[in-house]
Structure formats: C-alpha cells, structure tokens
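User: Hello! I would like to talk through a protein model with you, one question at a time. Could you take a look at it with me?

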Amino acid sequence: GGGGGGGGRGGSQKPRVRLKKEKQDDRRLLVEVVVHAADLSAQGMSPTVAYKFGGSVLEEFHAQYLLEHEKGLKLSPFMKDLHLPLGQAKAQLSFIDFVLIPLFTILRDCFPSLSEPVRRIEERMAEIDFEQVCVCVCDCVCV
C-alpha cells in the first residue's frame with residue numbers, strides 16, 4: 001500500500017524499478033544499494049545511536065570544511081556552519097528528506113522488515129524543531 005501519512009514531497013507516483021534475479025547486473029546493483037543503505041542506516045536506529053552517530057558525522061564534515069579553508073581549497077558549501085545547532089539541523093533535515101527517506105522507502109517495498117527503521121528515520125525528521133534550535137542559538141525569535 002502506499003500513500004498515507006508524512007506529508008511527503010510532491011509527485012503523483014513513485015518510479016518503480018524492476019530487478020530480475022536472473023540478471024547478474026541487477027543482483028549486483030541490489031547488493032550495492034543494500035550495502036550503501038547499511039552504511040547510512042544509523043538514523044534508523046535508536047535515538048541514542050542515531051544522535052551519537054549523526055553528531056560524529058557532522059563533526060567530521062565540519063573538520064573537513066575547516067581544513068579546506070585552511071588549505072585554500074574550494075569549500076564544500078553543505079559543510080558550512082555544521083558546528084552550529086541550526087546548521088546541524090538543516091543538514092540533518094536535508095539528508096533525511098532527500099537521501100534516507102527515498103532510499104529506505106524503496107528498500108522497505110522490497111524488504112518489509114525495514115518498516116521499523118523507516119519509521120525511526122521519519123521520527124528523526126519530525127524531531128528537528130527549527131524554532132527551538134534557533135532560540136537556543138541566538139536567543140531570539142527567528143524569522
């Protein structure tokens with residue numbers, strides 16, 4: 001079944017990918033997608049694991065941004081301000097919305113046992129409260 005809940009992004013019908021188990025390239029693609037999803041799966045775990053792992057990734061990205069700046073390299077714009085709670089919230093929301101939700105929703109269609117991790121990923125997204133983040137950061141009302 002599809003549809004309900006979450007107020008997802010636009011689009012009337014999600015694209016369907018049909019893999020054939022007889023085709024070696026299709027099997028290889030599925031393995032690559034599953035391994036990649038496993039690498040990104042921390043947000044589908046308990047809040048304690050999700051926040052600890054997510055925080056570590058944001059710290060790593062911020063360190064890379066500082067190193068790029070120090071060495072005079074082209075700066076990775078999505079890594080800017082990841083030391084600030086508002087920058088962290090924006091990065092997490094974008095990552096969940098544009099990478100995790102689409103990837104894990106498709107995988108859940110193939111592997112129904114992923115329903116719980118998908119629910120947790122959606123919870124992470126709902127937990128991001130920009131008003132609270134901004135009040136904490138700037139002690140003012142954000143526009």
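User: Is Arg124 buried or exposed, and at what relative accessibility?

Analyst: Happy to help! This is a predicted model, where local features need pLDDT of at least 70, side-chain atom pairs count only at pLDDT 80 or more, and totals for chains, interfaces and linings use all residues. Residues are numbered from 1 along each chain as its sequence is written, and side-chain values use heavy atoms, with hydrogens and water left out. Buried means under 20% relative accessible area, exposed over 50% and partly exposed in between, with a 1.4 Å probe and protein chains only. Arg124 therefore counts as buried, at a relative accessibility of 3%.

User: Which residue forms a salt bridge with Arg124?

Analyst: A salt bridge here is a side-chain nitrogen of Lys or Arg within 4 Å of a carboxyl oxygen of Asp or Glu. The closest N and O atoms of the pair are 3.6 Å apart. The partner counts as partly exposed, at 30% relative accessibility. That partner of Arg124 is Glu123.

User: Which residues do salt bridges with shared partners join into one network?

Analyst: One link in this region is Arg124 with Glu123. Bridges that share partners join the residues into one network. Its members are Glu116, Arg119, Arg120, Glu123, Arg124 and Glu127.

User: Why are Glu116 and Arg120 separated by about one helical turn?

Analyst: These two form a salt bridge, with 3.8 Å between the closest N and O atoms. Helices are DSSP runs of H or I with at least four residues, while strands are E runs of at least two, and both are numbered from the N terminus. Glu116 and Arg120 are about one helical turn apart because both sit in helix H4, at a spacing of 4 residues.

User: How far apart are the closest N and O atoms in the salt bridge of Asp81 with Lys80?

Analyst: Asp81 is partly exposed, with a relative accessible area of 30%. Lys80 is partly exposed as well, at 45%. In their salt bridge, the closest N and O atoms lie at 3.5 Å.

User: Which helix gives the largest share of the largest nonpolar core?

Analyst: A nonpolar core is a set of buried Ala, Val, Leu, Ile, Met, Phe, Trp, Tyr and Cys residues joined through side-chain atoms within 4.5 Å. The largest one has 10 residues, including Ala37, Leu40, Phe104 and Val118. H3 and helix H4 (115-127) each supply at least two of its residues. The largest share, 6 residues, comes from H3.

User: Which residues does Phe104 touch, leaving out those up to four places away in sequence?

Analyst: Contact means heavy atoms within 4.5 Å. Phe104 is itself part of the largest nonpolar core. Beyond its sequence neighbours, Phe104 touches Ala37, Leu40, Ser41, Val118 and Ile121.

User: What kind of aromatic pair do Phe61 and Phe78 form?

Analyst: Rings of Phe, Tyr and Trp (its six-membered ring) pair if their centres lie within 6.5 Å; planes under 30 degrees apart count as stacked, over 60 as edge-to-face and the rest as tilted. The whole structure has 1 aromatic pair. The centres of the Phe61 and Phe78 rings are 5.6 Å apart and the planes stand at 85°, so the pair is edge-to-face.

User: Where do Phe61 and Phe78 sit along the chain, and how many residues apart are they?

Analyst: Phe61 is in helix H2 (residues 47-70). Phe78 is in the loop between H2 and H3. The pair links distant parts of the chain, at a separation of 17 residues.
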